[in-house]
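Here are a few friendly notes to help you find your way around a new structure. Please keep the view open beside you as you read.

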Amino acid sequence: NPIITLLGDSLVLSRVDTTYTDAGATAFDEFFFGDITSSIVTTNDVDNIKAGVYNVKYNVTDLSGRAAMEVVRTVYITSELI
């Protein structure tokens, strides 16, 4: 099955009203299709206006229908000083 690798940390702290830019991820299928990063589907519900805990989820399926295990980055948006 393909493998998703996070770029950057799996836990991120960011301050309210600060632009959050996700570091992204890569995806690779070592047996058939090679680099399939462009096929990653990302769900990103981070709201940098509201303090809370958010998840950025990465999923990918190769051309033969084999799915990678979902990878999740947890983003903490805080109103406290970091």
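**Notes on the model**

1. Let us begin in a loop: the one between strand 6 and strand 7 is where you will find Met-69. Please keep in mind that this is a predicted model. Is Met-69 buried or exposed? Met-69 counts as exposed because its relative accessibility is 73%, and the cut-off for exposed is over 50%. If you would like a sense of distance, try Met-69 and Val-16: their C-alpha atoms lie 30 Å apart in space, with a separation of 53 residues in sequence.

2. Next, have a look at the open sheet. It is built from 3 strands in the order 1-3-4, and the pairing is antiparallel. Strand 1 (3-6) and strand 4 (34-35) are its edge strands, each pairing on one side only. Between strand 1 and strand 3 (residues 25-29), the antiparallel pairing runs over 4 bridges. To locate this on screen, start from Ile-3, whose bridge partner in strand 3 is Phe-28.

3. Now for the interior. How many residues does the largest nonpolar core have? The count is 17, and Ile-4, Val-46, Tyr-58 and Val-60 are the residues with the most contacts inside this core. Strand 1, strand 3, strand 6 (52-59) and strand 7 are the elements that give two or more residues to it.

4. Val-60 deserves a visit of its own. Setting aside residues up to four places away in sequence, Val-60 touches Pro-2, Ile-4, Ala-27, Ile-36, Ser-39, Ile-40, Arg-66, Ala-67 and Ala-68. One of these, Ile-4, is also listed with Val-60 among the residues with the most contacts inside the core.

5. The aromatic rings are quick to check, as the structure holds 1 aromatic pair. Its members are Phe-32 and Phe-33, in a tilted arrangement with 6.1 Å from centre to centre and 50 degrees between the planes. Which exposure class does each one fall into? Phe-32 is exposed, with a relative accessible area of 59%, while Phe-33, at 32%, is partly exposed.

6. Finally, please turn to Thr-78, which belongs to strand 7 (residues 71-78). What does the side chain of Thr-78 reach at 3.0 Å? It is the backbone nitrogen of Glu-80. Once neighbours within four places in sequence are left aside, Thr-78 is in contact with Ser-14, Arg-15, Val-16 and Ala-51. Val-16 is a familiar name by now, having served as the distance partner of Met-69 in the opening point.

How values were computed: Residues are numbered from 1 along each chain as its sequence is written. This is a predicted model: local features need pLDDT of at least 70, side-chain atom pairs count only at pLDDT 80 or more; totals for chains, interfaces and linings use all residues. Side-chain values use heavy atoms; hydrogens and water are left out. A polar contact is a pair of N or O atoms within 3.5 Å; within protein, one must be able to donate a hydrogen and the other to accept it, and residues adjacent in sequence count only if both atoms are side-chain atoms. Contact means heavy atoms within 4.5 Å. Rings of Phe, Tyr and Trp (its six-membered ring) pair if their centres lie within 6.5 Å; planes under 30 degrees apart count as stacked, over 60 as edge-to-face and the rest as tilted. Buried means under 20% relative accessible area, exposed over 50%, partly exposed in between (1.4 Å probe, protein chains only). Two strands pair if DSSP finds at least two bridges between them. A nonpolar core is a set of buried Ala, Val, Leu, Ile, Met, Phe, Trp, Tyr and Cys residues joined through side-chain atoms within 4.5 Å.
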